[in-house]
Amino acid sequence: MRPLIAETRREPFSPTPVACETPVGSLLIPERLNIWAWVLGYTAILTTLSVLRYNLWLATGLDLGMYKQALWLIWHRGLQYPSSFTGHPLLGLHASYILLPLSLLYRVGGTGALLCAQAFSLGLGYLLLRRIAETLGVSPGTAHAVGTAYLLFPVVLGSNLFDFHPVTLALPAVLAAIDASLRGRGRWLAAWLVVGLLCSDTLVLPIFTWGLALLMQRRTRLGLLTAALATIVAAVDALLVLPHLGGPGVSAPAAALLSVAGLSTRATAALVAIQSLRGWEYLIWLLAPLSGLLALGRRQVANLWWVPGVAVVVANLTHTTPAATSPFNQLTLPAVPFLFTAVLASLAGPASAPRRWFTLGPVALFLIVFAAHQVATNWRNVPHAITSLTAVANRIPPTAPVIAQNFALAHLAGRSVARLPVVALRKGMAPGTYILLVPGTTAGTTPTTALGSLEARAISLGHAKRIYHRGGITLLKTKTRTPGVAGRA
Amino acid sequence: MKLASVVRRRLASVRVWIELIRNLAVRDVETRYKHSILGLYWAIINPLLSAFIYSFVFGTLLHSGTSDGQPFVVYILTGFTFWNLFANGLLSAAGSVSGSAALLAKLYFPRVVLPTAAVLARLIDFLFSLAVLAVFIAGYGVAVHWTLVFLAPLLLLELVFAWGLGFLLSALNVLYRDVTQLLNLVLMVWIWLAPVMVAVNGRAEWLQSLFLLDPMGGIIQAERDMLFTGHLTSPVSLWSAIAWTLFVFFAGLSLFKRIEPAFSEVL
């Protein structure tokens, strides 16, 4: 047998063509690679944790289900098709125009692409904070400490693990806008602000107050530009988009404007919230990491960068929904870029890098407390028999209407009709609807009694038949229309 | 004008890099098989022999199988073919810098081309293994899905993962020679944590999740899915593998560039 390569046909390596001292690109500078490694490391860890939560049927926040359905509807039915969760198009919820390109991403990459994009977007904040720190003249060691604290900030980590929300995609745009304003680049500032505001109108309040803060700093051109952009987006949303696409609660322009700005009419609510344990818990989770950073070297603590962040926090304290004062979801996210820029502005100037124990000690302590909190809240209530649950869920046809609890809707909502059992009880069910019930798992908003009533109603009236009933999992399919409780009354 | 000249210079340097990588990869393949009687046929014999052994042990002695009724020997050989591309590429890359001490002393060239060429050189072996796999698939009459065209991006992902880890390990191996020894042990354990010899379909959901959250597990299962079934077992988990691949690549390159100035001194 003759070997395929019996002899060397040419010189294996000639020294002549290797005079290449030109670098391929500035990306190969170790410092920059290091920053990208931090961003991508965070993305990888958070994507894995989000995927694990999803695979274990622990995504109970309902937002993932709602947005999956919204993206499915935009791609298959158009912009104005109402969501079965809210009764109106989800574009009218926060005027998140980013849903349009996201629908393409969801179509191509599915749920994993959304979770990965969210983790990457939040991870990019580290890179942009390092850039802002460079612009402000903060030493690299301190900037790294602030960037790490940002990645571990309860709001950032919690938003990532909670579910999915388009406002997370606005965060890098706002940070890039802040950097552009510090460098005095008006056009870039405007471009990034537009991108941020198109992601979610919840940014209107901090961006408007930022504009005012810039005016107070006598940076008139940039201040006017920022405030004007926020005002235009608020006006367009409140006068055109929300009354047309939003629900009945925001049909009047005044109510819509309050919704856009994230404000409550109850000004005294802030005082009530501040007296409650929940309000204090919220403030401690937010302020403890920031005050730890300020201890690295205070110089100009009283700066105007705090104003937009504080505005969001106060607005959340006045809000009636309990979720607004949770430090682990996306509702406080619009404040984050400004709070961390304020910290960086406080630390500007040459300084020695923070001592390693100073950084590692609090980080380790925070991670232990945060992990314990997460395990006690978000990582409990894994539905039993998830293997069977997955198999049963796979038996539901991809376009059939479905009724399921919130943790199951994160998997099943990518279709035109997906509802919670309590809503189905009220509104009734069309023939051919699949009802997936796991009464043993009570995670989320649906009480076990509602599940029992739904099953009893569907079966006893002879409207549905059982397809699967084993190991605490029930799958029903309706044969005829089942009237809702309200309809029957 | 200035930008155009910068772009032209950089493109020229990229061309030189590609030429250099190609030369080093060819040298790697040639030196590996140069003084052997069977030469490149070894690239066919190795996977063929492994397939026969595993098919005898798992198929005939242990009566193992997959839940979808696919012949186990085909299942294992597919896993091995894709795993070997990664494992062999990684092993070659890990020793690429420390094994080129003479070259590094004589010539100046960007050091990153060494692990790059080492990983790419393994593509030749992989192509031969793929031919063996094709024969087995045809021999057992297993249907192949048209989605096998998506193997190309998945293979690219696998190569980038091996490439990134190759950067990391080749740099560390210059400082600590234990790295290659340790790598052999790690790969020996890792192969059992990826769905190479273990079928994930039909396992408990949590176990499936653990298998597929391992980046190599996610990639290998996706490659197998694209080849045979046409639908991914867990498309969500593949995104986790993509994220880890990008991280490993950038972290590996970053560490390599950081240690690079010490190469000439240590070697």
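Below is a short conversation about a predicted two-chain model and the terms used to describe it.

User: Before we start, how do you know which values to use in this model?

Analyst: It is a predicted model, where local features need pLDDT of at least 70 and side-chain atom pairs count only at pLDDT 80 or more, while totals for chains, interfaces and linings use all residues. Residues are numbered from 1 along each chain as its sequence is written, chains are lettered from A and ligands numbered from 1 in the order in which they are written, and side-chain values use heavy atoms, with hydrogens and water left out.

User: Thanks! Why is S50(A) called buried?

Analyst: Buried means under 20% relative accessible area, exposed means over 50%, and partly exposed is in between (1.4 Å probe, protein chains only). S50(A) has 5% relative accessibility, so S50(A) counts as buried. Its place is in helix α1 (residues 30–55) of chain A; helices (H or I, at least four residues) and strands (E, at least two) are DSSP runs, numbered from the N terminus.

User: What does S50(A) touch?

Analyst: Contact means heavy atoms within 4.5 Å. Not counting residues up to four places away in sequence, S50(A) touches L115(A), N160(A) and L161(A).

User: What makes A37(A) buried, and which residues is A37(A) in contact with?

Analyst: A37(A) also lies in helix α1 of chain A. Its relative accessible area is 8%, so the residue is buried. Leaving aside neighbours within four places in sequence, A37(A) is in contact with F247(B), F250(B) and A251(B), and those partners belong to chain B.

User: How do you know whether D179(A) is buried or exposed?

Analyst: The value for D179(A) is 4% relative accessibility, so this residue counts as buried. D179(A) is found in helix α7 (residues 167–182) of chain A and touches R131(A), I132(A) and T135(A), again not counting residues up to four places away in sequence.

User: What makes the phi of W57(A) and of R218(A) worth a look?

Analyst: Both values are positive in residues other than glycine: phi of W57(A) is near 60 degrees, and that of R218(A) is about 65 degrees. W57(A) is found in the loop between α1 and α2 (63–76) of chain A, while R218(A) is in the loop between α9 (204–216) and α10 (220–245).

User: Are those two buried or exposed, and how do you know?

Analyst: W57(A) has a relative accessible area of 2%, so W57(A) is buried. R218(A) has 75%, so R218(A) is exposed.

User: What makes a set of residues a nonpolar core?

Analyst: A nonpolar core is a set of buried Ala, Val, Leu, Ile, Met, Phe, Trp, Tyr and Cys residues joined through side-chain atoms within 4.5 Å. The largest one here has 131 residues, and Y150(A), W210(A), V336(A), F340(A) and L436(A) touch the most other members. Helix α4 (residues 99–136) of chain A gives the most to this core, with 14 residues. A second, separate core of 53 residues includes L90(B), A93(B), A118(B) and L133(B).

User: Which residues does V336(A) touch?

Analyst: Not counting residues up to four places away in sequence, V336(A) touches Y150(A), F153(A), V155(A), V156(A) and L171(A).

User: Why is helix α15 of chain A called mostly covered?

Analyst: In α15 (residues 336–346), 11 of its 11 residues are buried. Among them are V336(A), F338(A), F340(A), T341(A) and S346(A).

User: Why is chain B called as compact as a globular protein of that length?

Analyst: There are 11 helices and zero strands in chain B. Its radius of gyration is 20 Å, close to the 18 Å that the globule rule gives for 267 residues, so chain B is as compact as a globular protein of that length. The radius is taken over C-alpha atoms, and the rule is 2.2 Å times the number of residues to the power 0.38. Along its principal axes, the C-alpha trace spans about 60 × 45 × 35 Å.

User: How many residues of each chain are buried, as a percentage?

Analyst: Buried residues make up 52% of the 267 residues in chain B and 54% of the 489 residues in chain A. Chain A has 21 helices and seven strands.
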